[in-house]
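New to this one? Here is a short, friendly walk through it, starting with one chain and moving on to sheets and cores.

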Amino acid sequence: MPDPSGATSTLTSAPPPPPAGDKAPTTRVPRRKRPFGRRLVSGVSSLWLLVAIAILWQVVATLSPTLYFPPLSKIFVQFGQDWFTGDPSSLFLSQHFFDAALPSLRRLAQGWGLALVVGIPVGILLGRSAVAAAMYFPFIRFWLAEPKSAIIPVAVQIFGIADSMNVFLIFVGTVGLIIVNTADGVAGVDRMTLQTARSLRISPFTLYRRVLVPAAMPGILTGVRVSIGVALILMVISELYATTAGVGYEILLNQQSFKFLQMWSAFLLIGVISVLLNVVLELIEKRVLRWQRREGLSGQ
Amino acid sequence: MTAASTTTRPRQQVPPGSSRAVTAAQLSRTQRILLGILGTGSLIALWQLGASTGVIPPSALPGPAVVAAALPGVLTSGEFLGALGDTLLTWLIALALGSAAGILIGLVTSAIPFLRRPSMVVVNVARAVPATALLPIAILMFGLATEMKVAIAFWAILWPIIINTSYGVLGTEPLRLDAARSMRWPWWRRQVYVTLPSALPSILTGVRVATGTALVVVIAAELLGARSGVGTFLRLYQQALRPDIVYAAVIVVGLLGALLYTVLVRLERRAVGWRASA
Amino acid sequence: MDLHVEGVKKVYGDGPTARLALDETSFTVESGQFISIVGPSGCGKSTLLMMMAGLLKPTAGGIRLGSTPISGPPPGVAVVFQDYGRSLFPWMTVGKNLSMAAAADKLPKAEVARRVDEALTAVDLAGTQALYPWQMSGGMQQRVAIARALVVEPTVMLMDEPLAAVDAQTRADLEDLVLALRDRYDMTVAMVTHDIDEAVYVADRVIVLAAHPGRLIADIPVDLGRRDQLTTKAEPEFVKRRAEVFTLVRRPAATSSAGSDAELDGRPSELKA
């Protein structure tokens, strides 16, 4: 099962563009850019269901208090207290944030960063060489199909309960996705583009730098985007399973000591981190692909 | 179908690894199989080399021969097979429930215009927290039995399936809907005969992605406390310091995952065969 | 039944972004008549046809079929869309595509089967029921799309540039096919096209629209008798009407870009011949 990407991006919720033909003789009214005021109204009005659910939660939790589901308002207050009581100099982030969330983020950056550094070159290599691809794809397929959570005991076996265990797990969990998507992107580069490039007799380095990598960029970025979701999942499970610090550990600790408000506040923090990461990646992707398109035009 | 593959389009969950371009190279089938054996063999040889030179300590990763020797024992052990059966059953229940609920919710919310965007907002908020983070709350609510595993896997796959269903629905060719309207089909018939088949490829992709997610989450739940299943088995033998058995089991699970995936891809191709040349 | 278009007007959107697609337009298509609707891009010809089909609501005015006002897709009216690839259902076989067209009429099974057979025979595709549309060539698919419209045995057939997506030879064949079908099924036909030769060749009457805003500028009768691809286009009546329509359609275009000429001219292949 290659893609345990339960938490990949797609934060924008706009419907896909109407697939109308050039003259669009369909009954759909042509879509036009609406004035900002109207777009604001429709943006706010698309929140009503979320608000309704939040209110329902609040009301139910207040009327029939259960231990596990505290009212939302209290969770938000707790969230602020837990993470945002620091000075302006530290972006208002509290000491608790640095103690609990920073280790998680560091491991995420190390494991996922390593996966990018290793995965992209390997992917380019496999995308360029059909022989290398035929040799190693069977194993990579198997690896993608391995449920990554099953690797956790192995990671603990190898590294013990240490940061390197989490980093390793995130690395092996994401590197396959990056390799496959990169290879796909590279192998999909138009043959004509390559021939054109060759006919210009540019150096191999320039070929990679100016032609192959930009042309493969959509595939590479797909790998990046899909893998961040997996990286987050693995970051959390590995911390829940065995660790001594991190957001996952925070959740477990609060659960075991019956501090449910703090537990929910940690859920919320993970959610915020995941949304932020996805937004950033989406922005980067838009940026990079726009550059790539321009590059493609000027290169012709 | 439309070729709406612009980069700015909000994306579906597209499973990677559909590396057509790579394997469709000029190699024959036999060549590819031989190269595959060669490549996998070279990795195993590397593993063996690491083990026999002592670069990889046997406590961390025993050599391939040791793990291979543990394989028959694992495959015939009632304990492992029972655990595997337990995991697969849980997985299947969660997948069936999650797909049914996700497809239904996806169809309804995208068929009703005023629910479309609001429900997408809810979906995106709900799935921001990785399902595995919610394990502690699931354990509090459902205990350590199968219900807990099903519940958490259900939660994990519900959102991607809703999203894929609704992209499929919104991608329905408007001209086909017009054609159906001109034939005076009532609303329900347009949904069943036009919208649903149009959305099917996207729905099936969502379900395929969900099968992977569900397995990951079920095993994670087992590792973290559930009373039975492959995860429990792995945890037990890791703590009992039997890495050979742990590795053998991990390999079996991976192969099984690959098998399930291949079967699903085949089924999917059959179900949406019309799409290949459309 | 006569088809009355009465003061029909269509505006897309509202407020400052509203766009007038078609200004007040009136004409009547008599029972059994074959009309073609031509005009440059953006003249609202497809919009007009979709309103006649009951798929779009006019902003003002109305359309009547006989004495019944059209408020939704009416019974007895069939539509053939421009893009067969996008209007046929690729997940259904040809037979299913056709039989489903009669689903709303609740006919006995045997009757549906008979009509499907007849429609396929009429478009020269007998025995293709088990195929899927994507297993066929473009011209064949468009014939399937036409056959699908015939299954309801329509009194009115509306065609939106039905031949725009096929090659020149297939197109000539299909023009004759449509004419033959009109006689065989005794239908009133309205066909939108951007091809002036085609508009004059098939129709008893050519309705000419102008763009920005879309409006009716001429209603030209064509008196040609039996059509024949070889001789008709050399007849003085054809040449005269063609020139007439050509001038009308080109006039607004001449002041704007020259780029649209290619679209408005006759088929290049025909001109060469």
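Let's begin with contacts in chain A: counting those with a separation of 6 or more, 71% come from residues 24 or more positions apart. Keep in mind that this is a predicted model. Chain A has 11 helices and 0 strands, and half of the story is inside: 50% of its 300 residues count as buried. Chain A also exposes about 14100 Å², with carbon and sulfur atoms supplying 68% of that area.

Now for the nonpolar cores. The largest one has 129 residues, and those with the most contacts inside it are Trp112(A), Ile251(A), Met263(A), Phe267(A), Leu269(A) and Leu135(B). Helix 9 of chain A, residues 204–241, gives this core its largest share, 20 residues. A second, separate core has 68 residues, including Trp274(B), Met100(C), Val123(C) and Ala199(C).

What does Leu269(A) touch, not counting residues up to four places away in sequence? Its contacts are Phe79(A), Trp83(A), Phe97(A), Ala101(A) and Val247(A).

Over to chain C, where strands come into play. Here are three pairings that can be set side by side:

| Strands of chain C | Sense | Bridges |
|---|---|---|
| Strand 3 and strand 8 (residues 188–192) | parallel | 4 bridges |
| Strand 3 and strand 9 (residues 205–210) | parallel | 4 bridges |
| Strand 1 (residues 3–12) and strand 4 (residues 60–65) | antiparallel | 5 bridges |

Strand 3 of chain C covers residues 34–38, and 5 of its 5 residues are buried. Both of its faces are covered: Phe34(C), Ser36(C) and Val38(C) lie on one side, with Ile35(C) and Ile37(C) on the other. Looking across to its partners, Ile35(C) stands opposite Ala190(C) in strand 8, while Val38(C) stands opposite Val208(C) in strand 9.

Chain C also has an open sheet of 4 strands in the order 2-1-4-5, with antiparallel pairing. Why is one side of strand 2 (19–29) and of strand 5 (68–69) left without a neighbour in the sheet? Both stand at the edges with a single partner strand each, so one side of each has no neighbour there. Strands 1 and 4 of chain C pair with each other, and in strand 4 the bridge partner of Leu3(C) is Leu65(C). Helix 1 of chain C, residues 45–52, packs on this sheet and touches strand 1, strand 2 and strand 4. The direction of helix 1 makes about 120° with that of strand 1 of chain C.

Definitions and conventions
Residues are numbered from 1 along each chain as its sequence is written. Chains are lettered from A and ligands numbered from 1 in the order in which they are written. This is a predicted model: local features need pLDDT of at least 70, side-chain atom pairs count only at pLDDT 80 or more; totals for chains, interfaces and linings use all residues. Side-chain values use heavy atoms; hydrogens and water are left out. Buried means under 20% relative accessible area, exposed over 50%, partly exposed in between (1.4 Å probe, protein chains only). Helices (H or I, at least four residues) and strands (E, at least two) are DSSP runs, numbered from the N terminus. Two strands pair if DSSP finds at least two bridges between them. A nonpolar core is a set of buried Ala, Val, Leu, Ile, Met, Phe, Trp, Tyr and Cys residues joined through side-chain atoms within 4.5 Å. Contact means heavy atoms within 4.5 Å. Axes are lines fitted to C-alpha atoms, for helices over the stretch in contact, and angles run from 0 to 180 degrees between N-to-C directions. Accessible areas come from the Shrake-Rupley method with a 1.4 Å probe; for residues, only the protein chains shown count as cover.
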